[in-house]
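The following account leads through selected local features of a predicted model. Please keep the sequence and the coordinates in view while reading.

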Amino acid sequence: MPRSADADARRAQQLRRRIAEHDHRYYVLDQPSIPDAEYDALYRELVEIEARHPELITADSPTQRVGGAPLAEFAPVRHRQPMQSLRKANDEAELRDFDRRVRETLGRDEIAYSAEPKLDGLAVSLTYRDGVLEQGATRGDGETGEDVTANLRTIRRIPLHLHAGKGHPLPPLIEVRGEVFLPLSGFRRWKEEAESRGERAPVNPRNAAAGSLRQLDSSITARRPLAFTAYAIGHHEGWTAAPKRHAQVLEHLRTWGLPVSELVETVRGEPGLLDYFERMRQRRASLDFDIDGVVFKLDDLAGREELGSVSREPRWACAYKFAAEEAETILEKVEFQVGRTGALTPVARLHPVFVGGATVSNATLHNMDEVARKDVRPGDRVVVRRAGDVIPEVVRSVIEGAAAQKAHEAREVVALPAACPVCGGAVERVEGEVVARCTNGLSCRAQLHGALIHFVSRKAMDIEGLGDKLLAQLIEAGIVDSPASIYLKVDAPALAQLERMGDKSAANVVSAIDRSRDTEFGRFLFALGCPQVGETTARDLARHFGTLDALLAAAEADAPTAHDDTIKEKDRFPLLRQVPDVGPTVAAHVAGFFTEPRNRDVIRSLVKPVEEGGCGIRWKAPKAAAADGALSGKSFVITGTLPGVSREEAGAFIEASGGRVSGSVSSKTDYLVAGEAAGSKLAKAEKLGVTILDWKALRAMAGGD
């Protein structure tokens with residue numbers, strides 16, 4: 001007699017729970033508890049129930065790991081809390097210096113660190129809401145990643161549902177950080193099978209893992225032997241009993257069902273750091289996964305809060321990488337690449353050699369000073385170094401014996417070309433500068449190409465679909481010769497002239513160009529590509545001057561002071577240097593860039609309304625409150641977990657309202673915005689008498705609801 005729908009629902013729930021338990025034992029604990037045939041029978045029964053009752057299928061069902069319909073593209077995901085980079089320690093002295101800085105800042109004699117292998121994979125974030133995997137994203141640039149949820153669901157070591165354990169309550173929302181990687185055994189098996197079928201074999205585990213995770217068809221990812229290890233918790237909400245130590249964080253992750261490296265240890269002081277590194281170096285060859293070093297993190301979470309971060313790198317952690325791998329090969333020739341600023345970079349073309357897990361045929365020579373110092377010449381046998389994702393470099397020539405020395409001396413010395421290899425323009429090297437540049441500006445195809453790639457990039461004008469290859473075709477066809485021509489000349493008929501450009505693709509590009517006309521002042525300034533002006537400086541310039549006319553006027557007024565010997569260095573660029581963190585070098589570049597006639601013409605064309613023959617780029621004027629509101633001119637520091645908003649979102653709110661956000665509390669701090677689990681910054685603010693606000697009070701001060 002057939003079971004009722006209610007009975008099927010109860011059985012499906014039971015099966016999902018049992019299969020999840022067996023998956024955890026098999027893939028995470030490596031302790032299978034039932035035979036494969038029995039596991040398969042449970043899985044088939046669940047598939048049959050869900051086929052009869054599709055309404056019973058849940059996001060955390062193990063049947064959803066096999067992959068769904070292919071995606072057209074990956075959607076961007078803004079991380080609630082940035083996924084920061086790690087500062088590097090290149091030798092023992094730098095590692096000791098890291099430990100010394102931590103001890104001195106925290107005022108302690110000895111520090112406890114969490115030590116773990118540095119997996120050579122891809123960092124991802126997993127967001128669980130009420131214990132169910134809601135979203136998974138790549139690290140991306142640290143601020144914005146790509147939504148690869150469908151692909152991450154296929155990885156058996158990633159639980160689709162977390163389970164709270166005794167003493168380890170599960171927060172309503174939590175973001176888990178970890179690494180996706182390809183075990184060496186799986187890599188070798190995949191490679192052997194691909195070669196036996198005559199298919200293209202993966203080159204190395206990291207590239208294979210990256211390619212697998214970015215498949216638009218998740219059913220392909222499901223067939224790849226990917227693994228995952230959790231190592232941290234990012235953003236969380238409603239966690240009333242958050243741990244005080246990183247070791248406790250890892251214990252929570254294990255209890256909830258997430259895989260954590262068995263090689264993680266808590267070590268003490270400099271001797272512990274060095275001992276752990278040496279033990280991992282010796283074990284490296286015997287592990288079933290690639291590691292390229294070790295990571296040390298301060299175990300005390302309150303101490304991390306006190307140390308803070310600098311330049312997107314936490315002061316409380318560092319990566320100590322193993323020595324780079326080297327190999328010898330022949331330097332066949334040296335060519336020069338031209339970047340978007342006109343810089344000529346010497347590049348070594350090598351006889352292909354396998355080093356550091358990849359086949360290398362090109363390597364950097366950095367600049368002409370390095371070429372002269374190393375005295376490498378085409379025909380030399382050279383040492384090539386590669387470590388992880390670092391661009392391969394030529395280290396030195398291998399010259400052994402008098403005959404080899406004589407042969408080396410007979411070879412042609414590498415010389416800087418007098419003319420640009422791309423456009424034939426004059427090459428100039430300013431006295432005192434390392435870099436030589438083509439002087440042809442955007443008339444040089446290479447510089448134009450680089451400038452346009454930057455202009456359309458996600459953090460700049462964000463013109464989706466207008467990528468490297470398409471821009472190259474547009475330049476080659478003479479359609480695009482400046483940022484303004486993207487808006488003035490790129491339309492459906494123009495795109496139809498290009499290879500492999502269908503009607504739908506052309507329409508998508510035209511729509512993306514049109515959407516990009518509505519932007520932000522800071523993004524527009526960043527897109528222009530002024531030397532030394534990154535995202536932060538562009539936002540600071542936009543915030544300080546408020547309008548393009550005001551910035552252009554300041555640059556014009558300051559420009560004459562650049563080379564006026566009657567003015568002291570500290571008094572040059574008086575208007576531009578009023579902008580926070582803009583020093584004389586940045587001010588000189590800004591003044592020069594925004595007073596150059598061709599640049600001004602392009603800028604005016606970009607912002608001129610479409611009806612007047614311009615490109616029509618526009619942005620909303622700053623709110624009045626940003627100029628004269630309660631937050632104007634005030635300095636804020638944010639600490640703890642705020643209700644319903646990330647720190648980054650709170651920081652953006654403060655800046656939009658005229659305030660300035662700092663990373664550390666000092667006597668110059670006006671307000672500390674404190675949420676749950678506020679750490680040492682709260683204590684320091686109280687000691688200094690800094691006014692403390694919660695999120696509600698901050699919004700009220702700014703005139704919000």
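Helix H8 is followed by Gly 257, a residue whose phi is positive, near 110°. The helix that precedes this glycine spans residues 246–256, and its buried residues are His 246, Val 249, Leu 250, His 252, Leu 253 and Trp 256. These residues lie on the same side of H8, because they cover an arc of only 155° around the axis. The elements that cover them include four strands, S3 (112–119), S7 (173–181), S8 (227–237) and S10 (291–298), together with helix H10 (301–307).

A second helix, H17, comprises residues 503–515 and contains Val 510. Is this valine buried or exposed? With a relative accessible area of 30%, Val 510 is partly exposed, because this value falls between the 20% limit for buried residues and the 50% limit for exposed ones. Beyond its neighbours within four places in sequence, Val 510 is in contact with Asp 491, Ala 492 and Leu 495. Ile 463 is separated from Val 510 by 47 residues in sequence, and the C-alpha to C-alpha distance between the two is 9.3 Å.

Further along the chain, strand S23 (residues 635–639) is mostly covered, with 5 of its 5 residues buried. Burial applies to both faces of the strand: Ser 635, Val 637 and Thr 639 are on one side, and Phe 636 and Ile 638 are on the other. S23 pairs with strand S25 (residues 671–674) in the parallel sense, over 4 bridges. Within S25, Leu 672 stands opposite Val 637, one of the buried residues of S23.

Terms used:
Residues are numbered from 1 along each chain as its sequence is written. This is a predicted model: local features need pLDDT of at least 70, side-chain atom pairs count only at pLDDT 80 or more; totals for chains, interfaces and linings use all residues. Side-chain values use heavy atoms; hydrogens and water are left out. Buried means under 20% relative accessible area, exposed over 50%, partly exposed in between (1.4 Å probe, protein chains only). Helices (H or I, at least four residues) and strands (E, at least two) are DSSP runs, numbered from the N terminus. Two strands pair if DSSP finds at least two bridges between them. The arc is that of the directions from the helix axis to the C-beta atoms. Contact means heavy atoms within 4.5 Å.
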